[in-house]
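Please brief me on this protein model. Keep the points short, and group them by topic.

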Amino acid sequence: MSIPVLAQVYDEVRRLAIAGSVVAGGDFRLKKLLPPLEQAGQKAPVFAKVAQAVSKLVESTEKTSADALLELSTLVNAILYTQGETGLAGNLEPIKSIDLGQQQTQTSARTLKPLLEALSTTGSGRMEIIKDAHERGAFRDLRLIRPALAALDDPYAEIADFIADKVLPMYGNAILPDLREKFDPKGRGGHVRRLTLMHRLDSAGSRELVKQSLDEGSKEVRIVAIECLGSDPEDLAFLIEQAKSKAKDVRAAALKALGKCKGDTAVQSLCAALQSADIELAVEPVRASRDPTVLAFVLAEAKMQFNALLESKEKDKAKLGKQVSRMLALLECLRDRDDKQTEALLLDMFARRETLAAVKGEPSGKDVEQQLVFIMSAGPKKVQSALVDAHAALADNLLAAAFVAACRSRKPAEVFELFSPYLTAKFDEKKKKRDPAFAKRQVIVEVLTASGRRWYHRLAIHVEDEFDVTANLDPRWLDLAVRQEQLDLVQALAVPGHAAANKLLSKAFDEQLKKAKEGYELGSLLRTMVRVQHPAATDAVIAAISKHAKGTHGYGVYWLGQLIPELPKESLPKLEAWLPTLPEKVIDQILDYVTELKN
C-alpha cells in the first residue's frame, strides 16, 4: 500500500495536536489532502475512512474539534502502525537527567528555529534575535538550555557574554554539572565564562575549581579566578601580593577582589591604589565599597584634587590633563552615593563649575563639569534640586542631566512647565546647527526618545542606570510632539486612544510603506502602532508583510511576524483569510504567530 499521503496527514495531525485542536477548523493544509485521499479511497476503503475523518475535522467547531482530531489521530496512527516496526536493538541504559526546576516548553517552532540558528551559526543579525528572544522569555524553554550552554563558546564574544550574563543564570544550579564537565582551566574564551558563571551560581562549591585555576589555568582563566576571591580571610595576603603585579589586568582583578574583603588591610590597599597610577583600576571596587574609611578617604582626595585644579598655575596641557583624569576617576567613585558628606561636596563643586570649566588640558575642566552634573542627576535629592534649578544657565551638553534629574525628583506638570519651552523655542532654520536654542531643543528630544538606554549617543553621555523618563510624563508632551509632527518623539511618547497621534502614525506609515525596501524598515513604526492599539494596526502589519513576502531572505518577515500575537483577537478572521494568499515559505513563518494569537 502506498502511504505517502497518510504520512502527510500524520504530520498535519501532529502539528494540530501541538497547536491545539481549536485551530483545526477550516485548516487549509488539511483541505489540500482531501482530493488525493478521496481518490485513493476508490481503491482502498481505509483511505475513504481517513478522508471522512479529515473532512469532519476541517468542518469542526471549537466544541467538536477535540473529538474529531482524536478520531483522525487514532485512525492514522493505527494504519501507519501496521506499516512499520518500532524498537531498537541493544541494551537499555538509564539516561542522565538534571532537575531544571520550573522551566516550560512553550516557545513556538517559528520562534525557536531562527533562535536555534542564531545560537549555533555565524553571521550578522544574530545578536538582535537573541536579545529579542530573551526579552520575550523564550529561553525558559527546555529545548534551549543545551544550545545556550554551547553558545558560551560562540566566536562572537558579545553573544557569548550576553548568554553568560543574562540567559544561563536563569537556569540556576542545574547547569553546574555541564559547566564543570566542559570546563578546562587551560582554556580561554568560553572556559573563562564557565568559571565566572560557576562562581556566580555557587561560590562556595566552585572554590576548589577557582584554586585549581590559580595554579594550572591559562592567563585569562587565572585573572578571572583572582576576581572570584575575596570572600575568605585567607585570600587577603594573596590578593595584596597580586595587587603589586607587573601585569595591569592582574592588578585590576586583585583590586576588584579586595573590594569584597573586610578589614583594615584591604581598605588600606584600596586607598593606596587611589593615590597611585592604578587609580582607574580602583574606581569600581572603591565605588562599590560602603566602608566609612574608604568614603572619608575618597571625599578628602576628591576635595583636595578639585581645589588643586582650580588653583593650578600649570600651563602644560599634558600635565594638566593628568590632573583632570585623576579628578574624573575620583568623581566616578562618588556616583550613586547618597550620604550627606557626598551631597555637600557635589554641591560645593557645582557652585564653582564656571571656574572649573575654564581649566584647560586634554581632558579639560569641561569634561569634569559634564561628569559632575551627570553624577548629580542620579544623586541625593538636594543635589538633584540644585541641578534642576540651574537648568536655564546650563550649556546644551549639560541640559540633559538637569532634565533627567527633574524627571526623577519633580512632579510631571512641573517638569513640563520647566522644560517644554525648549521644544517651542524659535531658532534660525538656516543657521540651526550653530543656534543654541536648536541644540537645547535637540537635547530634550534625544533624552525623550533614547529613554531607557544606557547611552545618549549624540551627546556621548554615559548614564549608568536605565531610568525611563517617559514612565511618568505629563500628557502635554505628546500633544506638543504631535503638533510639531516630530515622528520619533511621537513614537516614544504615544499612548492608546490619542486620536491626533494615531492620525500622524497612519500618515507616516503610508509614506514609509511606499519607500521601504526591507520589512525591518517599518518595524519601529509598526511596533508603536501595535503597542498603542492603533485602529489600523492589523491592516498595517498585513500590508507590510504582504509587500515584503516575495523574495525576502526571511529576517524582515520574522521581525514583523512577531507583532501578530500582540494584535487584538478580533483581527483573527482577517488574518486567517489573508494567510492563504501568501507564499508557502512565508506561511510557514507566520502561521505560528497567528496560532499564538488564537490561543
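The briefing below starts with the whole chain and then turns to local features.

The model is predicted. The chain has 599 residues, and 49% of them count as buried. It holds 34 helices and two strands. Its C-alpha atoms fill a box of roughly 105 × 70 × 35 Å along the principal axes. Take the contacts in the chain with a separation of 6 or more: residues 24 or more positions apart account for 63% of them.

**Helix α18**

- Helix α18 covers residues 317-332, which makes 16 residues.
- At 1.5 Å a residue, α18 should span 22 Å, and its end C-alpha atoms are 22 Å apart, so the two values agree.
- Asp-316 caps the N-terminal end of α18. A side-chain oxygen of Asp-316 lies 2.8 Å from the backbone nitrogen of Ala-318.
- Several residues of α18 are buried, among them Leu-320, Val-324, Leu-328 and Leu-331. Charged residues appear in the buried list too, including Arg-326 and Glu-332.
- What covers these buried residues? The cover includes α15 (264-274), α16 (279-288), α17 (292-311), α19 (340-351) and α21 (365-376).
- An α-helix has 3.6 residues a turn, so residues three or four places apart point the same way.

**Aromatic rings**

- How many aromatic pairs are there? The count comes to five.
- One of the pairs is Phe-403 with Phe-419. Their ring centres are 5.1 Å apart, and the planes meet at 45°, which makes the pair tilted.
- Phe-403 lies in helix α23 (residues 396-409), and Phe-419 lies in helix α24 (residues 412-419). The pair therefore ties together parts that are 16 residues apart in sequence.
- Are these two rings' residues buried or exposed? Phe-403 is buried, at 0% relative accessibility. Phe-419 is buried as well, with a relative accessible area of 0%.
- Phe-403 and Phe-419 belong to one aromatic cluster, together with Phe-416, Tyr-422 and Trp-477.
- Another ring has a charge over it: the charged end of Arg-353 sits over the ring of Phe-350, 4.1 Å from the ring centre.

**Two serines in contact**

- Ser-21 is in the loop between α1 (4-19) and α2 (28-41). Ser-65 is in helix α4 (residues 65-81).
- The two serines are 44 residues apart along the chain, yet their C-alpha atoms are separated by 5.5 Å.
- What joins their side chains? A polar contact of 3.2 Å does.
- Ser-21 counts as buried at 16% relative accessibility, because the cut-off for buried is under 20%. Ser-65 is buried too, with a relative accessible area of 1%.
- Leaving aside neighbours within four places in sequence, Ser-21 is in contact with Leu-16, Ser-65, Ala-66 and Leu-69.
- On the same basis, Ser-65 is in contact with Ser-21, Val-22, Leu-57 and Ser-60.

**Cysteines**

- A disulfide is a covalent bond between the sulfur atoms of two cysteines.
- How many disulfides does a search of the whole structure find? It finds zero.
- Why is Cys-261 not bonded to Cys-228? Cys-228 has the closest cysteine sulfur, but that sulfur is 13 Å from the one in Cys-261, too far for a bond.
- Cys-271 is in no disulfide either. The nearest cysteine sulfur, that of Cys-333, is 10 Å away.
- Cys-261 counts as buried at 13% relative accessibility. Cys-271 is buried, with a relative accessible area of 8%.

**Backbone details in loops**

- A cis peptide bond joins Glu-362 and Pro-363, with omega about 0°. Pro-363 is in the loop between α20 (353-357) and α21.
- Asp-336 has a positive phi of about 70°, although it is not a glycine. Asp-336 is found in the loop between α18 and α19. It is partly exposed, with a relative accessible area of 41%.
- Gln-533 has a positive phi as well, near 55°, and is a residue other than glycine. Gln-533 is in the loop between α30 (523-531) and α31 (537-547). At 62% relative accessibility, Gln-533 counts as exposed.

Technical notes:
Residues are numbered from 1 along each chain as its sequence is written. This is a predicted model: local features need pLDDT of at least 70, side-chain atom pairs count only at pLDDT 80 or more; totals for chains, interfaces and linings use all residues. Side-chain values use heavy atoms; hydrogens and water are left out. Rings of Phe, Tyr and Trp (its six-membered ring) pair if their centres lie within 6.5 Å; planes under 30 degrees apart count as stacked, over 60 as edge-to-face and the rest as tilted. Helices (H or I, at least four residues) and strands (E, at least two) are DSSP runs, numbered from the N terminus. Buried means under 20% relative accessible area, exposed over 50%, partly exposed in between (1.4 Å probe, protein chains only). A charge sits over a ring if NZ of Lys or CZ of Arg is within 6 Å of the ring centre and within 35 degrees of the ring normal. A polar contact is a pair of N or O atoms within 3.5 Å; within protein, one must be able to donate a hydrogen and the other to accept it, and residues adjacent in sequence count only if both atoms are side-chain atoms. Contact means heavy atoms within 4.5 Å. The expected span of a helix is 1.5 Å times one less than its number of residues. A disulfide is a pair of cysteine sulfur atoms within 2.5 Å.
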